[in-house]
Amino acid sequence: AYGVYEVEITLLPMQEYINTPAIVHYNKKDYKITSYNPSILPYCEECFETNTPNHNLHITKIDLSKSIYLVDEEAVKNNPTHHWLFSGGIQIDTFILPPNLVYPMLIMPFYTWGGKERGMNYKRMPCISTLIVTNPNSNVNTFGFANSRDIEEIDISIVNVDSLTRTKGTVYPIFQECWSLKKVKLPKQLKYIGSDTFVGCLHLTDAKLPYTLEYIGYGAFAYCKLDSLFIPANVSFLEPNFLGFNYHLKKIEVDSLNKHYESKDGVVYTKGRDTIHVIPYALELDTLFFQHNISAVNDYAFSLQPFRFSFPASDDFVQQIYDSLHMIRHFVANTKLKHLGERAFFYSPIESFLNFEKTSVNVIPNECFRMSRIKNIKFPTELTTIEKMAFCDCNQLESVEFTREFTSKIDSL
């Protein structure tokens, strides 16, 4: 009980769905099951009854790659809330799933009951560290791994899917709030990563995107811990704010063969560099000088965009981030700049925007600088419209200067 062992388990049934005797059809053969032991990994009631459960058992590896999963798949599909693998407070380093498993299990950690918040004490219990899917036909989009908060690595590279996205009736994005997830191996033929797929993976630092990838959705990697990202050659569309709240992000590199985007010094531009698409928050520069041919800044280009899910991104928390981490805070505009996207600098650490008065920008759109740390701004002579909440809650703003008489539309600031 107090040692560390590698064990092999040939059968891991789930009692709710097996009636004996049973006939299992697998690999063109029939197997007759006459009995089974339902307590190989027992359900640990004491994990819900005490704050100090016994965690002496440490399993280094469970390999079910040569096993048969004995669960009625239709029953699981109709009742997915019971299709969870609880490790009973046991620490399992690596868990390799059976090759005939179509619906991967939700790996739910244990928490102790009785806390004030939501009736639970959020004290993490030991669970599974590495999960490996071995069935190429696994339906990871129907039952993903959302809220599996103790898994550190997931390997779904063998799965034959070209998209990771919520299917109809699925409550959560596939990897939402896998708080401990550090590394993920994605399907090799993946083309589409949907909105919020990895939102809330607070420790995700390793996400190698396959060369087949074509699309990354809104907030797909929001609230992760990426410090760099490589965009493959086939990516044709990056949704605005696909990297929201990656405040450690230092650089983004785009494959030189990409026909739609390019990068320079860690910043992502549209091909030809006339539009700034994404600016990493921790860009390793003190000041970003806009190149001479820049005419537009994309929606959410430098927006932290908080409050996307249950992660407590309070004002105090964000303030601590701003004060403790290196973030680029100063920008110098070029004279050809004509367009700012909505929320382009929303909730960002921007403090100065020099030469802005020399640009041709005529509209400052909705929430463009809202809740940012901008201190001083001088408006362009061609400015005609300031839309609603463009500078709302800019608590550091000290001075605003108009370069000509302003008689056009100004919405509520």
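In this predicted model, R329 and E351 are both buried. The two residues form a salt bridge, with 3.7 Å between the closest N and O atoms. R329 sits in the loop between α2 (315–324) and β24 (330–332), while E351 belongs to the loop between β25 (339–340) and β26 (352–354), so this contact ties together parts of the chain that are 22 residues apart in sequence.

E351 also picks up K375, again through a salt bridge, and here the closest N and O atoms lie 3.9 Å apart. K375 comes from the loop between β27 (363–364) and β28 (376–378), so its pairing with E351, in the loop between β25 and β26, ties together parts 24 residues apart in sequence. What about exposure: are K375 and E351 buried or partly exposed? K375 has a relative accessible area of 30%, so it is partly exposed. For E351 the figure is 14%, and because buried means under 20%, E351 counts as buried.

Elsewhere, salt bridges that share partners join R343, E367, R370 and D393 into one network. The structure holds nine salt bridges in total.

Another of these pairs is E262 with R273, where the closest N and O atoms are 2.8 Å apart. This salt bridge links distant parts of the chain: E262 is in strand β19 (residues 261–264), whereas R273 is in the loop between β20 (267–270) and β21 (275–278), eleven residues away. The two partners fall into separate accessibility classes: E262, at 16% relative accessibility, counts as buried, and R273, at 23%, counts as partly exposed. The 20% cut-off for burial is why these two values end up with those labels. As for why such contacts turn up at all, side chains of opposite charge can pair when their charged atoms come close.

Turning to the strands, β16 (residues 228–231) has side chains that alternate along its length. On one face are L229 and I231, both buried; S228 and F230 point to the other face and are not buried. Which strand pairs with β16, and in what sense? The partner is β18 (residues 251–254), and the two run in the parallel sense over four bridges. Within this pairing, I231 of β16 stands opposite V254 in β18. I231 thus appears twice in the picture, as one of the buried side chains of β16 and as the residue facing V254 across the strand pair.

Note on methods. Residues numbered from 1 in each chain as written. Predicted model: local features only at pLDDT ≥ 70, side-chain atom pairs only at ≥ 80, totals over all residues. Heavy atoms only, no water. Buried < 20%, exposed > 50% of the residue type's maximum accessible area, 1.4 Å probe, protein only. Pairing = 2+ DSSP bridges. Salt bridge = Lys/Arg side-chain N within 4 Å of Asp/Glu carboxyl O.
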